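Visitor: Could you take me through one part of this protein in close detail? I would like to look at the sheet and what packs on it.

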Amino acid sequence: MGQRIEAKAGLERIKLYKGGESRIPGRDDVLKLSSNENPFGAPESAKAALVAAAKTLHRYPSTDHASLRAAIAEVHGLDAERIICGVGSDEIITFLCQAYTGPGTEVIHTEHGFSMYRISALAAGAEPVEVPERERKVDVDAILGGVTERTRLVFVANPANPTGTMIGANEVGRLAAELPPDVILVLDGAYAEYVDGYDGGAALVDARENVVMTRTFSKLYGLGGLRIGWGYGPAHIIDNLNRVRGPFNLSDAQLAAAEAAIRDRDWAERGRLQNARMRDWLAQALAELGIPSDTSSANFVLARFVDEDEAEACEAALRADGILVRKVAGYKLPNCLRIAVGTEADCGRVRDSLTRWRDAA
Ligand SMILES: *Cc1c(COP(=O)(O)O)cnc(C)c1O
């Protein structure tokens, strides 16, 4: 018998990430509201850029992503030198854990926080530390209370997924200021584009040495399938993240599509307005059926039920009507379902299905 080959400690504790379901066997009318995707798809501008990129598929891509970084910097008023692009914002999260954590260190995430924080921490050999939220909202004092001399990173999504809740700029600023100076606060802005006038924490990044912001093209820009995200941080941190980044992590096709999408300001503005209108409509429709939800700042609503049984029954009823939503028991929210905001027709279909379910009960 040979020696057993051991992987590094911690990997055995990783529960594989499960994406939102997309198929129901035997149905061709499935409405997928399980992954917070843009209901209108990707912008035509991005599709055209992707097709044009086919001409140079034999060429290795840009290693510095200069053109996309310049576009992001221009649109958001940022310093292009302190932007890093990755394979989804997931990869920026991975870079942060790789560069700043390892065995003997801790990574803080909150009770209902996005599962990639825990996965990336464990993959880097670090210890994920969960701190409580207060009524499905990030609690700054609980985070500060969870800090030890081993803490290296704190992940906070604002707006958060799967709760959709947000904490104010004062609270975020207080957290950044009260963390020890050697702890990096990562503000995950995957849903920042949906909040009118919100910079995702960019000004705080500029003002401090220990704050990093992550953003994505997967949500408002409708490019989840293409895998592009970015981060913005102090020069010393971005420099380290670039050292662990693969030189060819993004293809020119990805870079070109993302650049076209972010320069398509009409698309972004229409998407934000449409989402806000239908999100309010959906939350109101749920409320009229006796299903409460917290005020959402993102592109989904977290519907709350009496208990897990009722949430499961509702999920099954929606599924029977071809509608897939997200169960979030794995996020310690067993009595909730996360429903992405769709088009007007999509939202109407959800309401009709829920109305039939309520009437049958
Ligand atoms: C969807 C989402 C992301 C985006 O991930 P990508 O890798 O950019 O697709 C990041 N953080 C949170 C909290 C999300 O919900």
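Guide: Happily; here is a walk through the sheet, its helices and then some of the aromatic rings. Please keep in mind that this is a predicted model.

The sheet is open and mixed in its pairing, with seven strands in the order E2-E8-E7-E6-E5-E3-E4. At its edges stand strand E2 (83-86) and strand E4 (127-131); each has a single partner strand, so one side of each lacks a neighbour in the sheet. On average, neighbouring strands are turned by 25 degrees against each other, direction ignored.

Let us step inside the sheet. Strand E6 (residues 184-188) and strand E7 (residues 211-216) run parallel and are joined by four bridges. Aspartate 188 has threonine 214 in E7 as its bridge partner. Helix H6 (residues 169-178) packs on the sheet here, touching E5, E6 and E7, and its direction makes about 155 degrees with that of E6. Helix H3 (residues 88-100) lies across E2, strand E5 (151-157), E6, E7 and strand E8 (229-232), and runs at about 165 degrees to E5.

Now for the rings. The count of aromatic pairs comes to seven. One of them joins phenylalanine 114 and tyrosine 117 edge-to-face, at 5.7 Å centre to centre and with 80 degrees between the planes. Both phenylalanine 114 and tyrosine 117 are buried. Ring pairs also link these two with Tyr17 and Phe155 into a cluster. Since strand E5 spans 151-157, Phe155 brings us back to the sheet.

Conventions: Residues numbered from 1 in each chain as written. Predicted model: local features only at pLDDT ≥ 70, side-chain atom pairs only at ≥ 80, totals over all residues. Heavy atoms only, no water. Phe/Tyr/Trp six-rings, centres within 6.5 Å; stacked < 30°, edge-to-face > 60°. Buried < 20%, exposed > 50% of the residue type's maximum accessible area, 1.4 Å probe, protein only. Pairing = 2+ DSSP bridges. Helix = DSSP H or I, 4+ residues; strand = E, 2+ residues; numbered from the N terminus. Axes fitted to C-alpha atoms, helices over the stretch in contact; angles between N-to-C directions. Contact = heavy atoms within 4.5 Å.
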